[in-house]
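Me: I would be grateful for a close look at one part of the structure shown below, followed by an account of its surroundings.

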Amino acid sequence: MKLPDDPKDKMKVLLLITIGVLATVAAVAQGVIYLIRQENQLSERLADLEWQTTSANENISSAENCRTKNVHTIQSIVTISETHILHPILGNYRLGASEVLERIALGSGISLDSIQEVGILDIPKPKNKTGKNVLKAYTVRISTHCGYAKLQEFIRQLELNNPYVCISTLSIIGQQDVDPESHRVVMGIQWPIWSNPEMAVQMMERMTQAYKGKEKDHADQ
Amino acid sequence: MNLQVDLILPSERRSSSSLGLQLIGKVSLLVTACAIGGFVGLKVMAITDMRSKLRGSEAVWMKVSPRKELAVQLIKESTEHANILEEIEAWTTSRPQWNEHLRALSLCVPEHIQLESISIQHEFQAPKNTSTVRAFSLSINGRCSREHAKNAVQTFQQNIKQIPPVSESVQSVDVPRFGEDPKQKEDRMFQISCTYKPLKML
């Protein structure tokens with residue numbers, strides 16, 4: 001093909017050719033860029049999905065180990081709740097506490113002059129801890145007259161009987177003028193109680209569910 | 001005499017070489033087109049392969065996803081239960097065994113000292129707001145005859161610092177009060193104050 005002789009026509013033809021070539025190059029470049037982008041997007045999505053699957057498999061495998069541990073944890077909570085956490089009797093915590101204290105006092109040979117309810121105390125929560133405390137402190141104050149050895153025995157039995165009970169205050173005052181062998185004793189005793197009294201029942205339900213889940217797991221295997 | 005006869009016009013002249021500019025241009029064009037075509041072909045194949053892999057991975061994910069949700073729920077519950085148990089157990093680790101402490105105190109009183117009262121105080125504290133602790137303090141009041149007073153009280157103070165389990169639990173043992181008994185001038189009254197190490201609760 002020959003270019004026209006006329007310089008003006010020649011310029012027009014050359015311009016058209018240049019535009020044509022540039023348009024072709026641009027179209028090809030667009031197509032290639034589109035393909036590269038598609039490939040990158042697919043590659044990212046694939047990598048993302050593979051990462052999610054790997055992470056999910058890790059979660060699944062750690063959950064299998066968790067299941068047994070969870071059952072043991074709930075079982076421990078339920079056992080402690082039944083034996084050592086103080087429960088209200090028709091909303092009254094003092095009755096349960098009195099029963100325990102009178103039994104232990106009888107066993108250690110002292111007689112309690114009085115058992116007074118101090119009340120329920122919220123345990124201050126550190127700022128960095130989220131969520132509510134599950135336990136509160138319930139305190140009673142007892143007063144008695146007894147010797148040091150008997151008092152020591154009472155405290156020993158109390159602490160042995162319930163490792164979660166805490167003697168929060170104690171005052172032993174000698175009575176030199178009245179009876180040097182007998183002291184006036186006032187003692188504050190603190191029990192853990194559930195912040196939500198329904199928690200004991202909820203934990204039992206959770207334990208039943210956890211056992212069912214474990215059995216189902218065994219059956220699936 | 002030389003005579004030059006041009007049989008063709010200069011514009012009609014052609015190169016005798018087999019490697020012409022036009023040929024190079026055509027070959028380059030062809031190679032470029034092939035390279036682009038090859039590149040596009042490879043990319044299309046890679047994309048098709050990836051799409052097929054993606055379908056496979058999505059199928060696996062559909063199976064794994066519900067199990068993952070159950071697993072995450074179980075892990076969350078397990079952590080929650082572990083925290084509850086930790087909070088309960090803190091009740092037992094944050095209390096001194098007072099029966100042992102009282103027994104230890106009774107064993108370390110020097111012979112010239114007569115105790116008048118013992119008191120224990122307790123409060124919950126959140127010192128740095130990063131944890132809650134139980135803070136206990138023990139106060140002992142007593143009397144002693146004047147001649148032995150200073151040595152006996154100092155011995156008692158040292159004994160408290162050394163006798164287990166009190167020695168392991170106390171932070172400081174001070175004598176904030178030591179003076180004359182207003183009732184019997186011959187006697188000295190004293191107070192020993194023990195601050196216990198804070199015991200972490202939460």
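In which loop of chain A is Leu90(A) found?

Reply: In this predicted model, Leu90(A) is found in the loop between helix 1 and helix 2 (93–108) of chain A. The backbone of Leu90(A) has a positive phi of about 50 degrees, although the residue is not a glycine. Leu90(A) counts as exposed because 5 other C-beta atoms lie within 10 Å, and the limit for an exposed residue is 12 or fewer.

The nonpolar core comes next. Leu86(A) belongs to the largest nonpolar core, which has 62 residues; Leu86(A), Ile155(A), Ile167(A), Ile193(A), Ile88(B) and Ile192(B) touch the most other members. Setting aside residues up to four places away in sequence, Ile193(A) touches Leu86(A), and also Ile85(A), Tyr93(A), Ile120(A), Leu135(A), Lys136(A) and Tyr138(A).

Helix 1 also leads to the contact between the chains. There, 57 residues of chain A are in contact with 56 residues of chain B. Helix 1 (7–83), helix 3 (148–161) and strand 3 (166–174) of chain A each supply at least two residues of the side that touches chain B. Helix 1 of chain A gives the most, with 30 residues. By type, the residues on this side of chain A are 29 nonpolar, 18 polar and 10 charged.

Strand 3 of chain A is joined by four bridges to strand 1 (residues 113–125) of chain B, and the two strands run antiparallel. Within this pairing, Ser117(B) is the bridge partner of Ile173(A).

Notes: Residues numbered from 1 in each chain as written. Chains lettered and ligands numbered in written order. Predicted model: local features only at pLDDT ≥ 70, side-chain atom pairs only at ≥ 80, totals over all residues. Contact = placed C-beta atoms within 7 Å. Nonpolar A, V, L, I, M, F, W, Y, C, P; charged D, E, K, R; others polar. Pairing = 2+ DSSP bridges. Core = buried A, V, L, I, M, F, W, Y, C linked by C-beta atoms within 7 Å. Buried ≥ 20, exposed ≤ 12 C-beta atoms within 10 Å, placed from the backbone.
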